[in-house]
Amino acid sequence: MTDTTETTRERSGAHRFLDAYFAAAPVLVPVYAILLAFVVGGMIILAIGDNPFEAYWALVRGMFGSTDRIAASLGRSTPFIGAALAVAFAFRAGLFNIGAEGQLLVGATVAAWVGTFSFLDDFPALIAAPLVLTAGVVGGGIYGGIPGFLKTRTGAHEVIVTIMLNNIAVLYVRWLVSSQDPVILRDTNASVPRTEPLPDPARLPELVDSTPPLHLGFIVMLLLCVFVWFVLQRTTTGFEVRSVGTNPHAARYAGMNANRTIVLVMVLAGSFAGLAGAGEIAGTSGFLSPGVFVAIGFDSIAIALLARANPFAIVPAAILWGSMLTGAGLMQQETGLSIDVVRIVQALVLLFVAADVIVRTLFRVRRKASDALETTQLSTGWGSAT
Amino acid sequence: MGVGDVTATTLPATRGLPRFGRLQTIGLIYALFGAFLTFNVVPNLERVDKAVTFEPPPDPLTLSFDPRLVAAIIGVVFIGTGVSTFLGPRLERVAHYGLIVSTACIAPLIIVLALALSDTADTNVLQLMVESLRLGTPIALGAMAGLWCERAGVVNIGIEGMMLGSAGVGFAVYATIGEGTGGTWLWISILVAILTGGLIALLHAIVAVSFRTDQIISGVVINLLALGGTGFLRSEIIVPSGVSSGESTSTIALPGLSDIPIVGSQVFTQKPIFYAMFVVVALSWFVLFKTPFGLRVRACGEHPHAAETLGINVIRTRYTAVIVGGLIAGLAGAWYSLETQGGFEDNMTSGAGFIALAALIFGKWKPWTAFAGAMLFGFSRALGTRLQILGVEIGDFSIPSEFWQSLPFVVTIIVVAGAIGRAVAPAADGQPYQRSR
């Protein structure tokens with residue numbers, strides 16, 4: 001407010017335009033960053049002797065070329081939203097949750113397991129589908145709670161524990177789903193290892209029948225974003241979460257129970273990822289096959305960072321991520337370029353958004369005083385929380 | 001709060017009661033496990049002699065034993081340790097030694113039980129040790145890479161990317177120019193891999209130190225870039241070159257040491273990066289903790305502003321440390337594509353960089369303990385593979401291979417939660433530094 005009162009003189013049109021330009025800077029920086037990432041990616045494509053414009057045109061058409069494509073892009077980004085929320089929410093409490101992949105997988109497995117109960121067939125969809133989703137929430141929540149519990153009780157670092165739990169989840173889910181002697185969750189009628197498909201009432205309805213389908217889970221994820229924002233900004237718990245994230249010592253001094261908050265945050269974060277996992281099972285294939293959520297852990301961290309741990313910013317970030325992965329297919333088909341080009345561009349987007357110094361220097365975007373407050377330091381060190 | 005609670009806390013009588021803290025919890029677990037072992041597991045084991053060997057066949061040095069006896073002795077040790085933790089402060093020292101002995105007994109116990117439960121008569125334990133060291137090599141190198149960065153105050157979760165990137169570029173050079181035929185080009189490729197690690201680290205330093213971007217974001221960017229970049233490299237350069245696999249580094253028998261009976265042919269006849277790992281760990285310890293330069297690096301990690309007051313160029317020191325770390329990570333990358341496989345696959349490091357990070361935190365940011373962490377990981381992986389080969393059966397249930405593969409991860413969690421406690425990072429780790437004006 002202070003800079004507007006300082007300059008009360010009449011403004012010319014150009015000045016007003018510049019003011020609007022600078023006011024839009026928080027939006028402009030990501031836009032420029034994406035642009036710059038595509039330019040650098042284009043140079044790489046050019047370097048190996050391909051036409052970047054052709055490649056990008058195919059990519060864009062693959063992302064948003066038709067209603068079907070748009071729906072597929074949104075469908076692809078659905079699990080990313082939940083997984084990224086799991087990372088972002090923990091970030092706000094100063095915790096680094098690398099375990100979204102494991103939490104998602106366990107949530108999906110519990111959901112698939114509950115889906116095999118025969119009584120589910122007789123339930124109306126209004127009960128059966130939420131039941132499966134709840135199963136995912138519980139599974140992911142418990143799996144996410146383990147690192148929180150261990151951190152507060154024994155001081156085990158959540159980074160180590162979540163990484164290890166990811167690996168453990170991948171191995172055991174593979175065993176549960178593919179073991180034939182004894183048969184645990186494997187569908188004995190299927191030739192490839194996978195679980196029994198969920199009964200129809202437990203499936204989430206498809207909004208658009210694309211590949212992958214855009215299902216109700218997307219709406220659920222949007223509601224989850226609102227929920228996370230509400231918890232963080234409008235509740236006492238959220239205040240405690242943010243206080244513990246900014247300064248655990250001060251939070252404890254103020255009478256907050258930092259340990260309880262840490263466990264709670266990890267349980268909630270895990271349940272977000274678990275919900276995303278259950279949503280994928282109930283919304284897309286209807287069954288769980290081993291090795292489905294590979295690399296989602298990496299992606300969710302990147303999306304959470306891209307969105308600077310802001311629950312609303314996660315939606316566009318996740319859509320960007322998901323749609324680029326969808327579009328990459330068409331790009332590969334038409335130009336023969338490997339999908340990895342998209343991965344490189346994604347990494348560059350994150351780089352340029354994070355290292356906004358580059359973008360600000362190149363495009364002369366001025367930094368506002370209020371921007372400084374927004375840049376939350378995520379890496380507050382390894383052992384500082386608690 | 002009830003009245004009873006108040007009197008309990010105010011009365012000095014509580015002093016006489018045994019304490020129940022971390023030590024007692026671990027003691028209780030040991031005692032229960034020891035009792036279960038001695039009174040439930042041992043009576044159900046078959047009475048067949050088993051053996052451990054120390055050499056490959058034929059005619060190895062062998063040590064035979066009755067698994068029931070050995071398991072029973074270890075069980076009694078566990079019970080004794082557990083009981084001693086409850087005997088008050090005077091026996092605390094005994095309890096501590098007991099815990100060390102008991103913990104050291106876990107690995108032999110697993111081998112003994114596995115042998116007893118399988119049809120195999122013997123297994124080579126020395127080879128198991130060597131295999132642990134070999135599998136721990138990239139983890140130890142990755143941990144040293146992290147150590148250098150984080151001691152200088154730069155969080156590095158991009159170790160994974162540095163390893164993967166250098167593995168990819170190293171092999172790409174080897175495949176395209178060296179045609180995968182070994183010789184000089186193999187060594188040049190290893191050098192290229194190391195330098196690639198350094199280059200990626202330079203990117204990390206520019207972004208994290210100069211631009212003062214969040215260091216975790218910078219690390220994630222590096223991981224993503226390496227994943228996409230090496231995938232691109234493989235499909236556009238390595239595959240078209242037609243060399244999908246090349247000759248990897250050959251074993252070198254260390255002169256003198258390799259002539260020692262039994263040990264020489266197994267421990268001192270290994271591949272070059274395996275040896276280099278020990279040198280890197282020792283040098284990292286020496287340089288970081290015994291030289292003025294190392295002291296400067298650590299000062300930048302603990303209190304950069306104080307370091308600057310003493311005339312240390314924080315920015316330059318951080319750059320140096322991060323790049324040294326990158327070079328070490330590059331060597332770890334070369335281990336994957338040029339020492340073990342002689343080839344490159346997408347995401348071939350598969351999370352090893354993160355496990356190295358775990359080893360570093362496990363080792364409380366100190367070189368030798370981080371090395372121990374890496375070796376613990378290597379050991380549990382080697383053990384998992386070995387037990388998988390032995391084919392252990394409990395009753396009718398043959399233990400699935402996934403169980404053995406998960407062993408290193410489970411062991412890491414148990415150790416980190418049970419034995420290590422809180423790890424304290426360098427004080428300024430993760431904080432960008434801006435020169436004071």
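Leaving aside its neighbours within four places in sequence, which residues is A:Pro311 in contact with? I shall answer that in a moment. Good morning, colleagues; please note that what we discuss today is a predicted model.

A:Pro311 is placed in the loop that runs between α13 and α14 (314–335) of chain A. Its contacts beyond the four-place window are A:Leu85, A:Ala88, A:Cys225, A:Val228, A:Trp229 and A:Leu232. The residue is classed as buried because 24 other C-beta atoms lie within 10 Å, and 20 or more are required. One pair of distances is worth quoting: A:Pro311 and A:Ala84 stand 227 residues apart in sequence, yet their C-alpha atoms are 8.8 Å apart in space.

A second loop residue of chain A may be set beside this one. A:Leu120 belongs to the loop between α6 (100–115) and α7. Is A:Leu120 buried or partly exposed? It counts as partly exposed, because it has 19 C-beta neighbours inside 10 Å and the threshold for burial is 20. With sequence neighbours within four places set aside, A:Leu120 touches A:Gly115, A:Ala128, A:Pro199, A:Pro201 and A:Ala202. From A:Leu120 to A:Ala83 the separation is 37 residues in sequence and 27 Å between C-alpha atoms.

Let me turn to the chains as wholes. Chain A has 17 helices and 2 strands, and 54% of its 386 residues are buried. Of the contacts in chain A with a separation of 6 or more, 79% join residues 24 or more positions apart. Chain B has 16 helices and 7 strands, and 49% of its 437 residues are buried. The corresponding share of contacts between residues 24 or more positions apart is 78% in chain B. The C-alpha trace of chain B spans about 65 × 65 × 40 Å along its principal axes.

How do the two chains meet? On the chain A side 41 residues are in contact with 46 residues of chain B. The elements of chain A giving two or more residues to this side are α7 (125–154), α8 (158–178), α13 (296–306) and α15 (340–354). The largest share, 11 residues, comes from α8(A). By class, the chain A side divides into 26 nonpolar, 12 polar and 3 charged residues.

Within this interface, α8(A) packs with helix α14 (residues 352–362) of chain B. Their axes come within 9 Å and cross at roughly 140°, and the crossing is left-handed. From α8(A), the participants are A:Val159, A:Ile160, A:Ile163 and A:Met164. From α14(B), they meet B:Phe354, B:Ile355, B:Leu357, B:Ala358, B:Ile361 and B:Phe362. That contact comprises 10 nonpolar residues, with no polar and no charged ones.

A helix pair inside chain B offers another case. Helix α6 (residues 159–176) and helix α7 (residues 184–210) of chain B pack at an angle of about 145°, with their axes 8 Å apart. The crossing of α6(B) and α7(B) is right-handed. Among the residues making this contact are B:Gly161, B:Gly165 and B:Gly170 of α6(B), together with B:Ser189, B:Ala193 and B:Gly197 of α7(B). The contact divides into 14 nonpolar, 7 polar and no charged residues.

I finish with two bent helices of chain B. Helix α4 (residues 92–117) has 26 residues, which at 1.5 Å a residue should span 38 Å; its end C-alpha atoms are 36 Å apart, which agrees. Where does α4(B) bend? The bend, of about 35°, is at B:Ile106, and the proline B:Pro108 follows within four residues. Buried residues of α4(B) include B:Ala95, B:Gly98, B:Ser102, B:Cys105 and B:Leu109.

Helix α5 (residues 125–151) has 27 residues with an expected span of 39 Å, and its end C-alpha atoms are 36 Å apart, which agrees. A kink of about 45° lies at B:Thr137, shortly before the proline B:Pro138. Of the 27 residues of α5(B), 19 are buried, so this helix is largely enclosed by the rest of the structure. Just after α5(B), B:Gly153 adopts a positive phi of about 95°.

Thank you; I welcome your questions.

Note on methods
Residues are numbered from 1 along each chain as its sequence is written. Chains are lettered from A and ligands numbered from 1 in the order in which they are written. This is a predicted model: local features need pLDDT of at least 70, side-chain atom pairs count only at pLDDT 80 or more; totals for chains, interfaces and linings use all residues. Two residues are in contact if their C-beta atoms, placed from the backbone, lie within 7 Å. Ala, Val, Leu, Ile, Met, Phe, Trp, Tyr, Cys and Pro count as nonpolar, Asp, Glu, Lys and Arg as charged, and the others, Gly among them, as polar. Axes are lines fitted to C-alpha atoms, for helices over the stretch in contact, and angles run from 0 to 180 degrees between N-to-C directions. A crossing is left-handed if the near helix is turned anticlockwise from the far one by less than a right angle, and right-handed if clockwise. A residue is buried if 20 or more other C-beta atoms lie within 10 Å of its own, exposed if 12 or fewer, and partly exposed in between; C-beta atoms are placed from the backbone. The expected span of a helix is 1.5 Å times one less than its number of residues. The bend at a residue is the angle between axes fitted to the seven residues ending there and the seven starting there.
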